[in-house]
Amino acid sequence: MILETERILLREMNQEDFPCLCAILQDEQTMYAYNGIFSHLETQEWLNKQLANYQRYGFGLWAVCLKDSSKMIGQCGLTWQDADGKNVLEIGYLFNRAYWHRGYAAEAARRCKRYAFEELKADKVYSIIRDINIPSINVAIRNGMYVCGRFIKKYRGVDMPHFIFCVKQDTLLN
Ligand SMILES: CC(C)(COP(=O)(O)OP(=O)(O)OC[C@H]1O[C@@H](n2cnc3c(N)ncnc32)[C@H](O)[C@@H]1OP(=O)(O)O)[C@@H](O)C(=O)NCCC(=O)NCCS
């Protein structure tokens, strides 16, 4: 277990989480901002990338699990990402659609922000979000973030306008 909140636990993912990952990354509605679902190979590559992140940095996208049942309901965590040419520490979140609209994503994101400031001693953390992704933008706002930039990100062959959301260490609002 890496992190804990009132209702959820965050832990490292492992190969046994592959079916739960498929339920997220192979769902059309969940993946609309990513230009479509991931294949089995892309899903495995995604998992491999997180395993490599844990090894290299000690963090990555973690599994979010319900405290009650240990069920994995999503992913949330910290990764290094490019934001218009700058390497930034990003809070990312992707949840199983069956567990949307219950506040779990914002709860996990807030905990990751605290971890970034308190444990990693980060000065700022970011969330890089496609402009059409309103639910994700709302999570960033609930996480105390504001828009500090915008850029076009080429992803899976498509030019996608993105907002760069940011929060500074001294703005621990929630
Ligand atoms: C982004 C994503 C995680 C947001 O999920 P979400 O369910 O909208 O966000 P939360 O879990 O924070 O839930 C917030 C909602 O729960 C409601 N809620 C219900 N019970 C709650 C509680 N106990 N505490 C807080 N909020 C609660 C809130 O009012 C809010 O309602 P709304 O959906 O009508 O706005 C989800 O849409 C997703 O996985 N999208 C696909 C992947 C993706 O695009 N990720 C982002 C890439 S940048």
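**Exercise 1. Two phenylalanines in a predicted model**

In this predicted model, decide whether Phe163 and Phe165 are buried or exposed, and work out what kind of ring pair they form.

*Solution.* Start with the surroundings: Phe163 is buried, and Phe165 is buried too. Next, look at the rings. A pair of aromatic rings is described by the distance of the centres and the angle of the planes. For Phe163 and Phe165 the centres are 6.2 Å apart and the planes stand at 80°. Planes over 60 degrees apart count as edge-to-face, so the pair of Phe163 and Phe165 is edge-to-face.

**Exercise 2. A pair across the chain**

Find how many aromatic pairs the structure holds, then describe the one made by Tyr34 and Tyr155.

*Solution.* The count is seven aromatic pairs. In one of them, Tyr34 and Tyr155 meet edge-to-face, with 6.0 Å from centre to centre and 75° between the planes. Now place the two residues: Tyr34 sits in the loop between α1 (18-25) and α2 (40-57), while Tyr155 belongs to strand β7 (residues 146-155). They are 121 residues apart, so this pair links distant parts of the chain.

Then check exposure. Tyr34 is partly exposed at 23% relative accessible area, and Tyr155 is partly exposed with 23% relative accessibility. Finally, look around them: ring pairs join Tyr34, Phe38, Trp46 and Tyr155 into a cluster. Lys153 lies over the face of Tyr155, 5.9 Å from the ring centre.

**Exercise 3. Around the ligand**

Which residues are closest to the ligand, and which polar atoms of Asn133 lie by a ligand oxygen?

*Solution.* The ligand is surrounded by 19 residues, and the closest are Tyr93, Phe95, His101, Ala105 and Asn133. Go through the contacts one by one:

- Tyr93 has a backbone N or O atom 2.7 Å from a ligand nitrogen.
- Ala105 places a backbone N or O atom 2.8 Å from a ligand oxygen.
- Asn133 uses an N or O atom of its side chain, 2.8 Å from a ligand oxygen.

As a last step, consider cover: on its own the ligand has 960 Å² of accessible area, and the protein covers 70% of that.

**Exercise 4. Cysteines without a bond**

How many disulfides does the structure hold, and why is Cys148 not bonded to Cys166?

*Solution.* There are zero disulfides. Take Cys20: its nearest cysteine sulfur, in Cys65, is 7.9 Å away. Cys20 is partly exposed, with a relative accessible area of 23%.

For Cys148, the closest cysteine sulfur is that of Cys166, at 4.2 Å. A disulfide needs the sulfur atoms within 2.5 Å, so 4.2 Å is too far for a bond. Cys148 is partly exposed, with a relative accessible area of 39%.

Note on methods
Residues are numbered from 1 along each chain as its sequence is written. Side-chain values use heavy atoms; hydrogens and water are left out. Rings of Phe, Tyr and Trp (its six-membered ring) pair if their centres lie within 6.5 Å; planes under 30 degrees apart count as stacked, over 60 as edge-to-face and the rest as tilted. Helices (H or I, at least four residues) and strands (E, at least two) are DSSP runs, numbered from the N terminus. Buried means under 20% relative accessible area, exposed over 50%, partly exposed in between (1.4 Å probe, protein chains only). A charge sits over a ring if NZ of Lys or CZ of Arg is within 6 Å of the ring centre and within 35 degrees of the ring normal. A residue is near a molecule or strand if one of its heavy atoms lies within 4 Å of it. A polar contact is a pair of N or O atoms within 3.5 Å; within protein, one must be able to donate a hydrogen and the other to accept it, and residues adjacent in sequence count only if both atoms are side-chain atoms. Accessible areas come from the Shrake-Rupley method with a 1.4 Å probe; for residues, only the protein chains shown count as cover.
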